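Got your viewer open? Load the model shown here and keep the selection tool handy.

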Amino acid sequence: MKGKKNNVIEYNGHGGIPVGKNIFYLCLICNSVIPSCPDEYIECKCGNLSVDIESARGGAKDISQLVILQIE
């Protein structure tokens with residue numbers, strides 16, 4: 001991602017987790033990065049993070065192991 005700026009988005013645990021075409025989730029357990037708006041169901045390697053686009057749901061089993069990244 002040469003020339004792109006990566007920002008960490010703070011999540012306070014209230015409301016929904018941020019989503020967008022330029023937002024990605026990093027699992028600190030398995031170091032997987034998954035998009036917040038995938039074309040189909042996706043989860044990280046260890047299963048901590050998942051996004052089900054059809055049901056408009058996503059989240060983490062252990063929210064403390066989630067980092068939200070925004071690519072500009």
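Here is a short walk through confidence, a sheet and a pair of cysteines.

**Stop one: color by pLDDT.** Remember that you are looking at a predicted model. The mean pLDDT of the protein chain is 89, with 96% of the residues at 70 or more. Now select residues 6-9, which make up strand 1: confidence is lowest here, at a mean of 86. Jump to residues 42-43, strand 4, and you've reached the highest value, 96.

**Stop two: the sheet.** Stay on strand 4 and add residues 49-52, which are strand 5. These two pair in the antiparallel sense, over two bridges. Bring in residues 57-60, strand 6, and you have an open sheet of three strands, in the order 4-5-6, with antiparallel pairing. Which strands sit at the edges? Strand 4 and strand 6, as each of them pairs on one side only. For a closer look, show the side chains of Ile42 and Val51: Ile42 stands opposite Val51, which belongs to strand 5.

**Stop three: the cysteines.** Select Cys44 and Cys46 and display their sulfurs. Why is there no bond between them? The sulfur of Cys44 has its closest cysteine sulfur in Cys46, but at 3.7 Å that is too far for a bond; a disulfide would need the two sulfur atoms within 2.5 Å. The structure as a whole holds zero disulfides.

Before you leave, switch on the surface. Buried or exposed, where does Cys44 fall? Cys44 is buried, at a relative accessible area of 3%, while Cys46 counts as partly exposed, at 38%.

How values were computed
Residues are numbered from 1 along each chain as its sequence is written. This is a predicted model: local features need pLDDT of at least 70, side-chain atom pairs count only at pLDDT 80 or more; totals for chains, interfaces and linings use all residues. Side-chain values use heavy atoms; hydrogens and water are left out. Buried means under 20% relative accessible area, exposed over 50%, partly exposed in between (1.4 Å probe, protein chains only). pLDDT is the predictor's confidence in each residue, from 0 to 100. Helices (H or I, at least four residues) and strands (E, at least two) are DSSP runs, numbered from the N terminus. Two strands pair if DSSP finds at least two bridges between them.
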